[in-house]
Amino acid sequence: MPTIAIISQKGGAGKTTLALHLAAAAQASGRVALVVDTDPQATASQWASWRGEAPPEVIDSPPPRLSAKIAAARTQGAEVIVIDTPPHADSAARAAVEVADLVLIPCRPSAFDLSAIQTTAKLVQLLRRPAFVVFTAGPPNAPRVYQEAGELVDSFGTPPCPVLLPDRAAYRHASAEGRTVMESEPAGKAAEEVRELYKWTCRQLDMPAPRFRKGSR
């Protein structure tokens, strides 16, 4: 079953939000999802503690143990594994890319964030992993901004994902409650964007098109 690494050398790119929501979308489609938190700040693990027993499960792992933890998780039934990584940590990013079937690079469509993509792009190219940039936390209605940002990251060798996750208050409200936007606002724009992103991710991994459970639409 696939492993998806969420990496970016830039802080504040939305890695944890992306990792948690992708895993939650997988869970909502009937898959057993797992988030592996390699960030010492343990934001994903904190979110999981707020949720109590509700899936997806979140476990932590130091980078040197990542491969072994993923192997163990697969034997225990994990079907979709999403790795959340810290910023400014080459060893963690490299370990995540090495075990990944797909790499997603969250990025705000701003000059500083776009410039920082180059380091991450070189890493995924060195390790020959399929990778896409997912634009996050930008303005909801700015097609020219995303078009220009997409052309730039494409020139780095990391094509843009066609699905955007723009800045929406729904993410902040849901996170504060230990929930996802699919749970707090299932009919909202943020929830629909996450579902579309997961559908697109499944296509990249040659997985069957997901069918979301009733109540998660």
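User: How many residues of strand β4 are buried?

Analyst: This is a predicted model, in which local features need pLDDT of at least 70 and side-chain atom pairs count only at pLDDT 80 or more, whereas totals for chains, interfaces and linings use all residues. Residues are numbered from 1 along each chain as its sequence is written, and side-chain values use heavy atoms, with hydrogens and water left out. Strands (E, at least two residues) and helices (H or I, at least four) are DSSP runs numbered from the N terminus, and buried means under 20% relative accessible area, exposed over 50% and partly exposed in between, for a 1.4 Å probe and protein chains only. By these criteria β4 is mostly covered, and its buried residues number 5 of 5.

User: Which buried residues of β4 lie on each of its faces?

Analyst: Both faces of β4 are covered. Val80, Val82 and Asp84 are buried on one side, and the residues buried on the other are Ile81 and Ile83.

User: In what order do the strands of the sheet stand?

Analyst: Two strands pair if DSSP finds at least two bridges between them. The sheet is open and its pairing is parallel. Its 6 strands follow the order β3-β2-β4-β1-β5-β6.

User: What is the average twist from one strand to the next?

Analyst: The sheet ends at β3 (57–60) and β6 (131–135), the edge strands, each of which pairs on one side only. Axes are lines fitted to C-alpha atoms, for helices over the stretch in contact, and angles run from 0 to 180 degrees between N-to-C directions. From one strand to the next, the twist averages 25 degrees.

User: Which residue of β4 is the bridge partner of Ile6?

Analyst: β1 (residues 3–6) pairs with β4 (residues 80–84) in the parallel sense over 4 bridges. Within β4, Ile81 stands opposite Thr3, and the bridge partner of Ile6 is Asp84.

User: Which residue of β4 is the bridge partner of Val36?

Analyst: Strand β2 (residues 33–37) runs parallel to β4, and 5 bridges join the two. For Val36, the bridge partner in β4 is Ile83.

User: Which residue of β6 is the bridge partner of Val103?

Analyst: β5 (residues 102–107) and β6 pair in the parallel sense over 5 bridges. β6 is mostly covered, with 5 of its 5 residues buried: Ala131, Val133 and Phe135 on one side, Phe132 and Val134 on the other. The bridge partner of Val103 is Ala131.

User: How are helices α1 and α9 oriented, roughly parallel or roughly perpendicular?

Analyst: The axes of α1 (residues 15–28) and α9 (residues 189–204) come within 9 Å and cross at roughly 75 degrees. Angles under 35 degrees count as roughly parallel, over 145 as roughly antiparallel, 65 to 115 as roughly perpendicular and the rest as oblique. The orientation of α1 to α9 is therefore roughly perpendicular.

User: How many residues of the contact of α1 with α9 are charged?

Analyst: Contact means heavy atoms within 4.5 Å, and here Leu18, His21, Leu22, Ala25 and Ala26 in α1 meet Val194, Leu197, Tyr198 and Thr201 in α9. Ala, Val, Leu, Ile, Met, Phe, Trp, Tyr, Cys and Pro count as nonpolar, Asp, Glu, Lys and Arg as charged, and the others, Gly among them, as polar. The contact holds 7 nonpolar and 2 polar residues, and the number charged is 0.

User: What is the relative accessible area of Pro56?

Analyst: Pro56 lies in the loop between α2 (43–51) and β3, and a cis peptide bond with omega of about 5 degrees joins Pro55 to Pro56. Leaving aside neighbours within four places in sequence, Pro56 is in contact with Ala23, Ala24, Gln27, Ala33, Trp47 and Arg51. Pro56 is buried, and its relative accessible area is 2%.

User: What is the phi of Arg128?

Analyst: Most residues other than glycine have a negative phi. Arg128 lies in the loop between α5 (111–126) and β6 and is exposed, with a relative accessible area of 75%. Although Arg128 is not a glycine, its phi is positive, at about 55 degrees.

User: Why is there no disulfide at Cys161, and how far is the closest cysteine sulfur?

Analyst: A disulfide is a pair of cysteine sulfur atoms within 2.5 Å, and the structure holds 0 of them. Cys161 is buried, with a relative accessible area of 3%, and Cys202 is buried at 1%. The sulfur of Cys161 makes no bond because the closest cysteine sulfur, in Cys202, is too far away, at 12 Å.
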